[in-house]
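Biologist: I've got a model on my screen and I'm not sure where to start. Could you walk me through it?

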Amino acid sequence: MQSLYGAIANYKFKKNMAINVDKVYQKVLALANKEQRGYITPQEFNLFADHAQMDIFEQYFYDLEQRQRATGNDTDYADIVTNLEEKISMFEIANQSVIVSGGEVHISDTFPDFYRLGTVSASYLGYSGVYCEVEPIKLSELRKYEKSPLAIWTKSRPVYSQYSTADSEFLIRIYPTPQPGDDQVSINYVRKPISPNWTYLIGSNKNALYNPSAAGHRNFELHASEETNLVLKILQLAGVSIKDLQLAGVASQEEIKGIQQEKR
């Protein structure tokens, strides 16, 4: 059964996910071909579209961190932060149970769509099934915590450190170590957006015809307000691909204008 949190997140996602992949492709083609600057194939578009979507998605976190450090008009600040948090919330996955193996939780291996870790919670046997939020600490601080009677981790105040290995991109280790079968661990995380895919079939004139019912078809997953940003970023990439620096330059200038307007 879907949780209330999941139902709300799913509703917000459907409400705001209104960027049709064909609509963006047609705009990109129209702007690129306006002065006969070159044709962007479906294969090229799909590659550019994925790159552009990830660029915009990753920028959310950078902008949010910058805004949280900034000072200024409280109303403007709150509005911008709220907007960014809403855009990110569409990709939040909550209350995912994970397995502790050898004292480690292999997060990136367990969740292929993993992008950024949110909160970690642990429930230890004997604590009536109560989940405690696990505090993150740096690897360099482990020894300091371990040697301090006041700072040492306990089952009511657990901590975790994160790291990577040659075999796994993102792992965490929780202290005290949860015991398999007895203790439970869950995480909240932000997933990556799924790659958009403009699917098509070849018509009698050998042109690619949009086919939204094809297997693998995927619209953009970003907030509906990002449609113009997607078009501009894809044009930038297309301009480089077809060696039209003017097209890439115009797209860059328009993108900069948009960023400046958002920051006012």
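Biologist: Okay, how many helices and strands does the chain have?

Modeller: Keep in mind that this is a predicted model. Counting up the secondary structure of the chain gives 8 helices and 9 strands.

Biologist: And what percentage of the residues in the chain is buried?

Modeller: A residue counts as buried when its relative accessible area is under 20%. The chain has 264 residues, and the buried share of them is 39%.

Biologist: Let's pick a helix. Which residues of H2 are buried, and where on the helix do they sit?

Modeller: H2 covers residues 21-33 and spans 18 Å from its first C-alpha to its last, close to the 18 Å expected. Its buried residues are Val21, Asp22, Val24, Tyr25, Val28, Leu29 and Ala32. Looking down the axis of H2, those buried residues fall within an arc of 160°, so they line one face of the helix. In an α-helix, residues three or four places apart point the same way, because there are 3.6 residues a turn.

Biologist: Which residue caps the N-terminal end of H2?

Modeller: Look for a side-chain oxygen by the backbone nitrogen of Asp22. The two atoms are 2.8 Å apart, and the residue that supplies the oxygen is Asn20.

Biologist: On to the strands. Which strands pair with S6?

Modeller: One partner is S2 (residues 104-106), which runs antiparallel to S6 with 3 bridges, and there His106 stands opposite Leu171. Another antiparallel pairing has 5 bridges, with Tyr160 opposite Ile174. That gives two names to note for S6: S2 and S5.

Biologist: How many of the 5 residues of S6 are buried?

Modeller: S6 takes in residues 171-175, and it is largely enclosed by the rest of the structure. One residue in this strand is Ile172, which is buried with a relative accessible area of 0%. For S6, the number of buried residues is 4 of the 5.

Biologist: How far apart in space are Ile172 and Glu104?

Modeller: In sequence they are 68 residues apart. Even so, Ile172 touches Glu104, and its other contacts include Gly103, Val105, Leu117 and Tyr163. From C-alpha to C-alpha, the distance between Ile172 and Glu104 is 5.8 Å.

Biologist: What share of the chain's contacts between residues at least 6 apart joins residues at least 24 apart?

Modeller: Ile172 and Glu104 make one such contact, as they touch and are 68 residues apart in sequence. Across the chain, among contacts between residues at least 6 apart in sequence, the share joining residues at least 24 apart is 64%.

Biologist: Which strands pair with S3?

Modeller: S3 and S7 (residues 184-191) run antiparallel and are joined by 7 bridges, with Val190 in S7 as the bridge partner of Arg116. S3 also runs antiparallel to a strand covering residues 132-136, with 3 bridges, and Val120 stands opposite Val134 there. The names to write down are S7 and S4.

Biologist: Is Ser121 buried or exposed?

Modeller: Ser121 lies in S3. It touches residues including Tyr131, Val134, Gln184 and Ser186. With 17% relative accessibility, Ser121 counts as buried.

Biologist: Which residue's backbone oxygen lies 2.6 Å from a polar atom of the Thr199 side chain?

Modeller: Thr199 is in the loop between S7 and S8, and it is buried at 7% relative accessible area. Among the residues it touches are Leu209, Asn211, Pro212 and His217. The one with its backbone oxygen 2.6 Å from that polar atom is Asn211.

Biologist: What joins Tyr175 and Pro176?

Modeller: Most peptide bonds are trans. Pro176 is in the loop between S6 and S7. With omega at about -5°, the link between Tyr175 and Pro176 is a cis peptide bond.

Biologist: What is the phi of Lys206?

Modeller: Most residues other than glycine have a negative phi. Asn95, in S1, has a positive phi of about 55° although it is not a glycine. Lys206 is in the loop between S8 and S9 and is exposed, at 72% relative accessibility. Lys206 is not a glycine either, and its phi is positive, at about 65°.

Conventions: Residues numbered from 1 in each chain as written. Predicted model: local features only at pLDDT ≥ 70, side-chain atom pairs only at ≥ 80, totals over all residues. Heavy atoms only, no water. Buried < 20%, exposed > 50% of the residue type's maximum accessible area, 1.4 Å probe, protein only. Contact = heavy atoms within 4.5 Å. Expected span 1.5 Å × (residues − 1). Arc of directions from axis to C-beta. Polar contact = N/O pair within 3.5 Å; in protein donor to acceptor, adjacent residues only side chain to side chain. Pairing = 2+ DSSP bridges.
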